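Here are my notes on the model you sent over, point by point. Have the structure open while you read.

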Amino acid sequence: RIGWIIIKSFAGPFLLNFIIWMVILDMQFLWLYVDDLMGKGLEWYIILELMLYASANWVPMALPLSVLLASIMTFGSLGEKNELIAMKAGGMSLFKIMRPLMLVVFFISIFAFYFTNSLWPVANFKMRVLLRDIQNTKVALALQPGVFFKSDLFSIRVGEKSQDGNQFKDILIYDHT
């Protein structure tokens, strides 16, 4: 019965920490590739698919961090409420108190191994392919009239763009080489 209480007090902080770490790591991915995603006229579901694949890349990092922080929070909460002292006074060893949590972490590690061995390479491959496709999208879609488009080698500004996006007028190019 005490094991279920410990597992329940671990589950909430674990899920919350996992979600927070995934959001932080996904934001890092977005800041890294924001230049490649903006101005391409992408549909929302393509960006969502890319974020799903990128999130799969961060699971191996977010899981151990979440387990560590949730364990610290769980046993810190038990110690703060003197429940840990009551269990020790009741004759339970620390190993016996931690055993349900060790079992949960064992199953999490089995899932992490399966995920990293089977699902992560596929998601990583699909993310790279989708990212390359997005980066190779027609640059004409990114060119907006009156706005500079910057590359490593040049900057270009288009004065006017036709409706079909195939003809440009008043083009200004700065060569950075």
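1. Ser 71 is a handy place to start. Bear in mind that this is a predicted model. A polar atom of the Ser 71 side chain sits 2.8 Å from the backbone oxygen of Val 67. The serine itself belongs to helix H2, which covers residues 44-80. Leaving aside residues up to four places away in sequence, Ser 71 touches Phe 10 and Leu 101. Keep those two in mind, since both Phe 10 of H1 and Leu 101 of H4 turn up again in the contact between H1 and H4.

2. Now for the helix pairs. Two packed helices are described by the angle between their axes and the distance between the axes. For H1 and H2, the axes come within 6 Å and cross at roughly 145°. That crossing is right-handed. By class, the residues in the contact of H1 with H2 split into 25 nonpolar, seven polar and one charged.

3. H2 also packs on H4, here at an angle of about 160° and with the axes 8 Å apart. Angles over 145 degrees count as roughly antiparallel, and H2 and H4 are therefore roughly antiparallel to each other. The crossing of H2 and H4 is left-handed. Their contact has 24 nonpolar residues, along with four polar and two charged ones.

4. How are H1 and H4 oriented, parallel or antiparallel? Helix H1 (residues 2-37) and helix H4 (residues 94-135) pack at about 15°, with their axes 13 Å apart. The cut-off for roughly parallel is under 35 degrees, so H1 and H4 are roughly parallel to each other. Their crossing is right-handed. On the H1 side, the residues making the contact include Gly 3, Ile 6, Ile 7, Phe 10 and Phe 14, as well as Phe 29, Tyr 33, Asp 36 and Leu 37. From H4 come, among them, Ile 97, Pro 100, Leu 101, Val 104 and Ile 108, plus Met 127, Arg 128, Leu 131, Ile 134 and Gln 135. Sorted by class, the residues of the contact of H1 with H4 give 15 nonpolar, two polar and two charged.

5. On to the strands. There is an open sheet of three strands, in the order S1-S2-S3, with antiparallel pairing. The edges are strand S1 (148-150) and strand S3 (168-175), each pairing on one side only. Ignoring direction, neighbouring strands of this sheet are turned against each other by 20° on average.

6. How many bridges hold S1 to S2? Three bridges join S1 to strand S2 (residues 154-161), and the two strands run antiparallel. A hairpin takes the chain from S1 to S2 through three residues. If you want to check the register by eye, Phe 148 stands opposite Arg 157 in S2, and the bridge partner of Phe 149 in S2 is Ile 156.

7. Ile 156 is worth a second look. Besides its pairing with Phe 149, Ile 156 has Ile 173 as its bridge partner in S3. That gives you a row to follow across the sheet, with Phe 149 paired to Ile 156 and Ile 156 paired to Ile 173. Between S2 and S3 there are seven bridges, and these strands run antiparallel as well.

Terms used: Residues numbered from 1 in each chain as written. Predicted model: local features only at pLDDT ≥ 70, side-chain atom pairs only at ≥ 80, totals over all residues. Heavy atoms only, no water. Helix = DSSP H or I, 4+ residues; strand = E, 2+ residues; numbered from the N terminus. Polar contact = N/O pair within 3.5 Å; in protein donor to acceptor, adjacent residues only side chain to side chain. Contact = heavy atoms within 4.5 Å. Axes fitted to C-alpha atoms, helices over the stretch in contact; angles between N-to-C directions. Parallel < 35°, antiparallel > 145°, perpendicular 65-115°, else oblique. Left-handed = near helix turned anticlockwise from the far one by under 90°. Nonpolar A, V, L, I, M, F, W, Y, C, P; charged D, E, K, R; others polar. Pairing = 2+ DSSP bridges.
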